[in-house]
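Me: I'm new to reading protein structures. Could you walk me through this one?

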Amino acid sequence: MFDLISSLLYNVKNLLGAFDMSIKLVASDLDGTIISENNFINQSNFEAIDMMNSHNINFAICTGKSYSVSKNWCDKCKATYGIFSNGSQIYNLKTGAPIYKNVLDFDSIKKSFEIAKKYNLHVHAYSDNLLVTEKLKYLDLRNFKLQELPGFEFVIVSNVLDYIQKNNLPIYQLVISSDSFLEDVKSEILQSNNVSILKISKFGQYKDKILNKEYEYLSVVPYNTSKSNALDILGKYLSVNKDEIMAIGDNLNDLDMVKNSGIGVAVANAYSDLKDVAKYTTQNNVAEGGFAEAVYKFIKLD
């Protein structure tokens with residue numbers, strides 16, 4: 001009994017100690033965490049970001065979207081750094097210079113595309129300033145509806161793979177979508193490719209409200225690529241330790257970065273799996289300023 005009590009006290013002390021750490025970098029997802037439906041951002045989120053910037057606390061946007069798709073929103077949010085395409089791209093947003101880029105090799109793109117097409121699945125791909133698709137349908141249609149993107153182009157082609165090869169495009173992320181479950185497709189792609197894949201389900205309470213549609217998609221990125229690993233790279237670049245990073249998110253592609261950061265936060269509307277690994281879940285959802293709630297709770301200014 002004494003050992004059990006000692007263990008519990010030790011864990012509580014460690015948890016409280018983590019919350020007392022000086023936060024030097026706040027890393028946050030964008031859609032569903034800072035931006036709610038119809039591109040709404042609670043004013044308190046802007047105020048929290050201004051507070052961080054005024055105290056020289058680095059702020060990084062971490063999103064599954066590419067740099068070009070997200071740049072305008074990063075500017076509006078006054079982010080200093082950005083992690084894009086689920087970790088394939090890292091940018092210094094103050095200068096616009098890339099810190100890190102990692103592209104899919106063409107063989108992996110080809111094998112993944114062929115498996116997707118074998119099952120008549122929808123595929124789109126992110127390059128530097130292009131989203132390439134054969135039809136705006138799932139996540140690419142959502143992006144098209146939400147974004148005003150000077151300098152970014154949605155290219156509709158007869159065959160995504162042929163277009164990539166013909167134009168020698170660097171591809172940071174391949175997205176495979178379907179109305180049904182994709183676990184078996186994910187397994188098949190992993191058996192023949194040296195890639196990393198994240199599966200996101202938008203069923204039930206997580207239904208895509210912008211499209212009023214349920215679906216599932218696979219984010220195919222270079223091997224060992226994730227928001228969490230990219231955050232490690234950014235932390236080393238900034239000489240910031242993991243326990244000095246607060247990560248905030250809502251979706252499954254945020255899970256590892258929330259789990260592995262000094263303070264991991266899930267907003268109230270987050271997937272339950274993310275809440276399970278977070279050190280704190282906000283009372284407020286994205287529209288109510290859950291991001292700002294987390295910032296003010298854990299960033300203690302002298």
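Here are some questions and answers about the sheet, the helices on it and the cysteines.

Me: In what order do the strands of the open sheet come?
Reply: Keep in mind that this is a predicted model. The sheet has 8 strands and its pairing is mixed. At the edges sit strand 5 (97-101) and strand 14 (280-281), each pairing on one side only. Going across, the order is 5-4-3-2-1-12-13-14.

Me: Do strand 1 and strand 2 pair in the parallel or antiparallel sense?
Reply: Strand 1 covers residues 25-28 and strand 2 covers residues 58-62, with 4 bridges linking them. Within this pair, Ala27 stands opposite Ala60. The sense of the pairing is parallel.

Me: What angle does helix 11 make with strand 12?
Reply: Helix 11 (residues 290-298) lies across strand 1, strand 2, strand 12, strand 13 and strand 14. Strand 12 itself is residues 245-249. The angle between helix 11 and strand 12 is about 160°.

Me: How many disulfides does a search of the whole structure find?
Reply: Let's check two cysteines. For Cys62, the nearest cysteine sulfur is that of Cys74, 9.4 Å away. A disulfide needs sulfurs within 2.5 Å, and the sulfur of Cys77 is 7.1 Å from its closest partner, in Cys74, so that is too far for a bond. Over the whole structure, the number of disulfides found is 0.

Me: Is Cys77 buried or exposed?
Reply: Buried means under 20% relative accessible area. Cys77 has 2%, so that puts Cys77 below the cut-off. The word for Cys77 is buried.

Methods. Residues numbered from 1 in each chain as written. Predicted model: local features only at pLDDT ≥ 70, side-chain atom pairs only at ≥ 80, totals over all residues. Heavy atoms only, no water. Pairing = 2+ DSSP bridges. Helix = DSSP H or I, 4+ residues; strand = E, 2+ residues; numbered from the N terminus. Contact = heavy atoms within 4.5 Å. Axes fitted to C-alpha atoms, helices over the stretch in contact; angles between N-to-C directions. Buried < 20%, exposed > 50% of the residue type's maximum accessible area, 1.4 Å probe, protein only.
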